[in-house]
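Colleague: Hey, got a few minutes to walk me through this one? I'd like to get a feel for it.
Modeller: Sure, let's bring it up and go through it.

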Amino acid sequence: MEIRAIRGEKNPKYIPMKNIITQFSRLFVGVLFIISGLIKLNDPVGFSYKLAEYFSEPVFNMPFLEPLALGLAIFLVILEVVLGVMLLVGYKSKLTIWALLLLIVFFTFLTFYSAYFDVVKDCGCFGDALHLTPWQSFTKDVVLLFFILILFINKKLVKPLFPKMVTNIIVLISIILCVFMAVWVLNHNPIKDFRPYKVGTNIEKGMEIPEGAPKSVVEMIFIYKVNGVDKEFTEKDLMNIPQGATFVDRKDKVITEGYIPPIHDFTMTKDDSDYKAELLQEPKLVIFVTYDLALSNPEGMKKLEKVNQDAKAKGYKVIGMTASGPEEIAKAKKQYGLNVDFYFCDATALKTVERANPSIVVLHKGTIVQKVHYNDVDDLKLSDVAYGI
């Protein structure tokens, strides 16, 4: 099939349909790779957490790769953006399309594995900007694979848009800008915060479940050892468990996922009591967030006591939040001269609040008014009067 494109009246030219399809595929794949890569490049630490989840024991059981998660995350997201640029401008098309094909085959395997075995709930394809279910992620990768295969079959039709020198400069600039962006967000906060704890969010409201919201349907599965073999029984099958069977374990199988509020695992626990309701009513509250005190940045930790003293002088209540145990808390307070009480919160929740370890969060009656990376302590704005929010 051919489409006629007329240039003037004397020189009609025919454009093959396969060329139109190829160029559409080129545009679609290139733009999607750039958008997806930039969203993750905005928050590479968050993407590294997702990679670490894949490397963990319940998934691929490759814990030796977990320390490399951040480096791999940065490499992959920069590669994703640069390949998208290379495809659009037609830089080394054969190499580019081969790389895209290998990358999408790898991603398709990961998303299929996540969906089929129900091990990773969100692949992190678009970071926190857009959450996809495992099957949605797999479907997205299959669609991309389809269009990349079109490009692979028609590689000769993917030609450079500009002279060689211009194309080389565009690709080089894209690499430099990506590296600069990665270094910037690693040493400061993400340029755009897509997380549920962004500035302006009220934590209590973020935990609310709307009236009439769908509830999860969960089926309890009981595991018994019968004649040396583990067998699963549902509640309705309990009467049929053979005599002599030994109880092994119980697990919950989610039949239908109900509404999950954006903030659902936030606690402020101390001495087995949750002080969340009380602390989130404080008009002037400064929180030192450090999900793991053993891994916290020493230079960043040294800055916290001065912030503590300045904040208290202006009428703020200052606390720390961590997932570390009492021994690590005591060690850190002594090492850095910290005169604050620490409250416990799950590490995953604290990593979502802020990526830097440590970081500083300012609240007014549960509403986040400022978040500061430890490198940006000088940008912290502490008011002498309560916020008028």
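Colleague: To start, how many disulfides does the count come to?
Modeller: Zero disulfides. Keep in mind that this is a predicted model. A disulfide is a covalent bond between the sulfur atoms of two cysteines.

Colleague: Okay, what about the cysteines themselves? Is C178 buried or exposed?
Modeller: C178 counts as buried, because its relative accessibility is 4% and the cut-off for buried is under 20%. C345 is buried too, at 0% relative accessibility.

Colleague: New topic: salt bridges. How many does a search of the whole structure find?
Modeller: It finds 13 salt bridges. One of them links the side chains of R195 and E354, with N to O at 3.4 Å.

Colleague: Where do R195 and E354 lie?
Modeller: Both are in loops: R195 is in the one between α6 (164–187) and α7 (203–206), and E354 is in the one between α12 (347–353) and β11 (359–364). That means the pair ties together parts that are 159 residues apart in sequence.

Colleague: And are those two buried or exposed?
Modeller: Both R195 and E354 are buried.

Colleague: Got another salt bridge to show me? Which residue does D310 pair with?
Modeller: D310 pairs with K306, and their closest N and O atoms are 3.0 Å apart. The two are separated by about one helical turn, because they sit four residues apart in helix α10 (residues 304–313). D310 is partly exposed, with a relative accessible area of 35%, while K306 is exposed at 55%.

Colleague: Which residues are joined into one network by salt bridges that share partners?
Modeller: That network is made of D193, R195, E354 and K371. So you've already met two of its members, R195 and E354, as a salt bridge pair.

Colleague: What about D141, which side chain does it meet in a salt bridge?
Modeller: The side chain of K140, at 2.8 Å from N to O. D141 and K140 are both buried.

Colleague: Let's look at the surface. Which residues make the nonpolar patch?
Modeller: F112, Y116, F117 and W135 make it, and the patch covers about 470 Å². Helix α4 (residues 93–117) gives the largest share, three residues. W135 lies in helix α5 (residues 134–153).

Colleague: How exposed is W135?
Modeller: W135 is partly exposed, because its relative accessible area is 44%, which falls between the 20% and 50% cut-offs.

Colleague: Switching again: where does N42 lie?
Modeller: N42 is in the loop between α1 (17–41) and α2 (44–55). N42 is buried, with a relative accessible area of 6%.

Colleague: What does its side chain reach?
Modeller: The side chain of N42 reaches the backbone nitrogen of I191, at 2.9 Å. If you leave aside neighbours within four places in sequence, N42 is in contact with M181, V185, P190, I191, K192 and F194.

Colleague: Last one, V254. Where is its place?
Modeller: V254 is in strand β5 (residues 246–256). Its relative accessible area is 44%, so V254 is partly exposed.

Colleague: And which residues is V254 in contact with, leaving aside its neighbours within four places in sequence?
Modeller: V217 and V218. V254 and V218 are 36 residues apart along the chain, yet their C-alpha atoms are separated by 4.5 Å.

Definitions and conventions. Residues are numbered from 1 along each chain as its sequence is written. This is a predicted model: local features need pLDDT of at least 70, side-chain atom pairs count only at pLDDT 80 or more; totals for chains, interfaces and linings use all residues. Side-chain values use heavy atoms; hydrogens and water are left out. Patches are made of residues with over 30% relative accessible area and no salt bridge: like charges are joined within 9 Å, nonpolar side chains (Val, Leu, Ile, Met, Phe, Trp, Tyr) within 5 Å. Accessible areas come from the Shrake-Rupley method with a 1.4 Å probe; for residues, only the protein chains shown count as cover. A salt bridge is a side-chain nitrogen of Lys or Arg within 4 Å of a carboxyl oxygen of Asp or Glu. Buried means under 20% relative accessible area, exposed over 50%, partly exposed in between (1.4 Å probe, protein chains only). A disulfide is a pair of cysteine sulfur atoms within 2.5 Å. A polar contact is a pair of N or O atoms within 3.5 Å; within protein, one must be able to donate a hydrogen and the other to accept it, and residues adjacent in sequence count only if both atoms are side-chain atoms. Contact means heavy atoms within 4.5 Å.
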